[in-house]
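Please open the structure in your viewer and keep the selection panel at hand. This tour goes from one selection to the next and says at each stop what is there.

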Amino acid sequence: MEQRISLVTLGVADLPRARAFYERLGWRGQEVEQTVFFQAGGSALVLWDRAELAADAGVDDPGGGGFGGMTLAQNVRSRAEVDEVMAAAAAAGAKVTQPARETFYGGYAGCFADLDGHVWEIAWNPGFPLAPDGTLTVPDFGATG
């Protein structure tokens with residue numbers, strides 16, 4: 001299996017509401033067959049009805065709310081950009097779960113939950129510089145195995 005993530009699909013309770021939230025953050029989507037696709041660098045973020053997503057994956061959905069055991073993250077180019085994105089998310093209706101703060105790794109980050117409870121971390125990390133197109137490359141940590 002290649003080390004690549006092509007799509008991240010978020011199950012949402014109300015597709016038009018979720019799309020409007022991400023569009024208030026500046027994302028631009030396309031709706032196809034009751035699914036919204038956002039180009040996200042070399043990947044795509046997809047919004048789809050939560051019940052439909054669970055059925056398609058063959059799993060039971062215990063319902064929305066609560067922490068799902070994962071976060072999405074967007075690295076940005078500066079501390080100021082972290083603050084800008086966090087403010088835009090709050091203005092769009094997100095719940096700030098962790099205000100932006102200095103991190104243990106020498107960076108600066110904050111977290112918010114979107115309207116369906118999906119947690120996003122917005123981070124500036126000097127150890128993970130971004131290419132001009134926003135591509136992140138994991139640095140060589142010199143680790144083995």
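The stops below cover a sheet, a helix that packs on it, a nonpolar core and some salt bridges. Keep in mind throughout that this is a predicted model.

**The sheet**

Begin by selecting β5, β6, β7 and β8, which form an open sheet of 4 strands in the order β5-β8-β7-β6, with mixed pairing. The strands at the edges are β5 and β6, each of which pairs on one side only, and if you look from one strand to the next you will find a twist that averages 15°. In general, the strands of a sheet pair through backbone hydrogen bonds, either parallel or antiparallel.

Now narrow the selection to β7 (residues 108–113) and β6 (residues 95–102), which pair in the antiparallel sense over 5 bridges. To see one of these pairings, pick Arg101, whose bridge partner in β7 is Ala109. Between the two strands of this hairpin there are 5 residues, and Gly106 takes a positive phi near 90°.

Turn next to the pair of β7 and β8, where the strands run antiparallel and are joined by 6 bridges. Selecting Ala113 brings you to a residue that stands opposite Val119 in β8. With these strands still in view, add α3, which packs on the sheet and touches β5, β6, β7 and β8, while its direction makes about 10° with that of β7.

**The nonpolar core**

Which residues of the largest nonpolar core touch the most other members? Select Tyr22, Leu47 and Phe112, for these are the ones that do so among its 24 residues. At least two residues of this core come from each of β1 (7–12), α1 (15–24), β3 (35–40), β4 (43–49), α3 (79–91), β7 and β8 (119–124).

Stay with Leu47 and display its surroundings, leaving aside the neighbours within four places in sequence. Leu47 is then in contact with Leu10, Val12, Leu15, Ala18, Arg19, Tyr22, Thr35, Val36 and Phe38.

**The salt bridges**

How many salt bridges does the structure hold? There are 5, and three of them make good stops.

First select Asp116 and Arg17, whose side chains meet in a salt bridge with a distance of 3.5 Å from N to O. Because Asp116 belongs to the loop between β7 and β8 and Arg17 to helix α1, this pair ties together parts that are 99 residues apart in sequence. Is Asp116 buried or exposed? Asp116 has a relative accessible area of 14%, so it is buried, whereas Arg17, at 35% relative accessibility, counts as partly exposed.

Next select Arg19, a contact of Leu47, together with Glu31, with which Arg19 forms a salt bridge whose closest N and O atoms are 3.6 Å apart. Arg19 lies in helix α1 and Glu31 in strand β2 (residues 29–32), so the pair links parts that are 12 residues apart in sequence. Arg19 counts as partly exposed at 22% relative accessibility, as does Glu31 at 44%.

Finally, select Arg50 and Asp61, whose side chains meet in a salt bridge of 2.7 Å, N to O. Arg50 is in helix α2 (residues 50–57) and Asp61 in the loop between α2 and β5 (72–75), so this pair ties together parts that are 11 residues apart in sequence. Arg50 is partly exposed, with a relative accessible area of 26%, and Asp61 counts as partly exposed at 32%. Before you close the viewer, add Glu23 to Arg19 and Glu31, since salt bridges that share partners join these residues into one network.

Notes. Residues are numbered from 1 along each chain as its sequence is written. This is a predicted model: local features need pLDDT of at least 70, side-chain atom pairs count only at pLDDT 80 or more; totals for chains, interfaces and linings use all residues. Side-chain values use heavy atoms; hydrogens and water are left out. Two strands pair if DSSP finds at least two bridges between them. A nonpolar core is a set of buried Ala, Val, Leu, Ile, Met, Phe, Trp, Tyr and Cys residues joined through side-chain atoms within 4.5 Å. Buried means under 20% relative accessible area, exposed over 50%, partly exposed in between (1.4 Å probe, protein chains only). Contact means heavy atoms within 4.5 Å. A salt bridge is a side-chain nitrogen of Lys or Arg within 4 Å of a carboxyl oxygen of Asp or Glu. Axes are lines fitted to C-alpha atoms, for helices over the stretch in contact, and angles run from 0 to 180 degrees between N-to-C directions.
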